[in-house]
Amino acid sequence: TEETKKIQEGHMANINRLAEMGKLVLAGPFYDGGNRRGVFIFKLDSLDEAQALTDTDPAVIAGRLKIELHRWSVPKGMLP
């Protein structure tokens, strides 16, 4: 629908905005048809900051996506 297209456009714009801010390292959809639709990898100091950023996503606001946050650690220097 037009509403769905508008939400998706806003979702993609939000992804680009977060990447330009240097907060979002990568994002993308899963294609396995499971319950999880995709992944965001953030480079942040806290889950609270991740929650605040994901709460700005139009698809989350519209209830089309639900965010599940997990703390993840990688060796220093691995992420840009």
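## A pocket, a core and a pair of rings

The largest pocket has a volume of about 1,400 Å³. Bear in mind, as you look around, that this is a predicted model.

**The pocket**

Lining the largest pocket are 42 residues, and those closest to its centre are V39, F40, I41, F42 and E68. Several elements give two or more residues to this lining: α1, β1 (24–29), β2 (38–42) and α2. Of these, α1 makes the largest share, with six residues. What kinds of residue make up the lining of the largest pocket? The lining divides into 22 nonpolar, 11 polar and nine charged residues.

**Two rings by the pocket centre**

F40 and F42 are both among the residues closest to the centre of the largest pocket, and they bring us to the aromatic rings. The count of aromatic pairs comes to one. In that pair, the ring centres of F40 and F42 lie 5.7 Å apart and the ring planes meet at 85 degrees, so the arrangement is edge-to-face. An angle over 60 degrees is what earns that name.

**How covered are the residues?**

Here are three residues to find in the structure, with the relative accessible area of each one.

| Residue | Relative accessible area | Class |
|---|---|---|
| A50 | 5% | buried |
| F42 | 16% | buried |
| F40 | 21% | partly exposed |

Why does F42 count as buried? Its relative accessibility is 16%, and buried means under 20%. F40, at 21%, is partly exposed because the buried class stops short of that value.

**The core**

Which residues make up the largest nonpolar core? There are six in all: I15, L18, L24, F42, A50 and L53. Helices α1 (2–20) and α2 each supply at least two residues of this core. As a general background, nonpolar side chains in soluble globular proteins tend to be buried together.

Two of the core members are worth a visit. A50 is found in helix α2, which covers residues 47–54. Leaving aside neighbours within four places in sequence, A50 is in contact with F42, L44 and L69. By contrast, P29 lies 21 residues from A50 along the chain, and their C-alpha atoms are separated by 18 Å.

L53 is the other stop. Not counting residues up to four places away in sequence, L53 touches N14, L18, M21, K23, F42 and L44. F42 and L44 are therefore on the contact lists of A50 and of L53.

F42 makes a good place to end the tour: F42 belongs to the largest nonpolar core, and its ring pairs with that of F40.

Technical notes. Residues numbered from 1 in each chain as written. Predicted model: local features only at pLDDT ≥ 70, side-chain atom pairs only at ≥ 80, totals over all residues. Heavy atoms only, no water. Helix = DSSP H or I, 4+ residues; strand = E, 2+ residues; numbered from the N terminus. Buried < 20%, exposed > 50% of the residue type's maximum accessible area, 1.4 Å probe, protein only. Contact = heavy atoms within 4.5 Å. Phe/Tyr/Trp six-rings, centres within 6.5 Å; stacked < 30°, edge-to-face > 60°. Core = buried A, V, L, I, M, F, W, Y, C linked by side-chain atoms within 4.5 Å. 1 Å grid on protein atoms, 1.4 Å probe; cavity = no way out; pocket = protein on both sides within 12 Å on 5 of 7 lines; lining within 4 Å. Points joined across faces, edges and corners; volume = space filled by probe spheres on them. Nonpolar A, V, L, I, M, F, W, Y, C, P; charged D, E, K, R; others polar.
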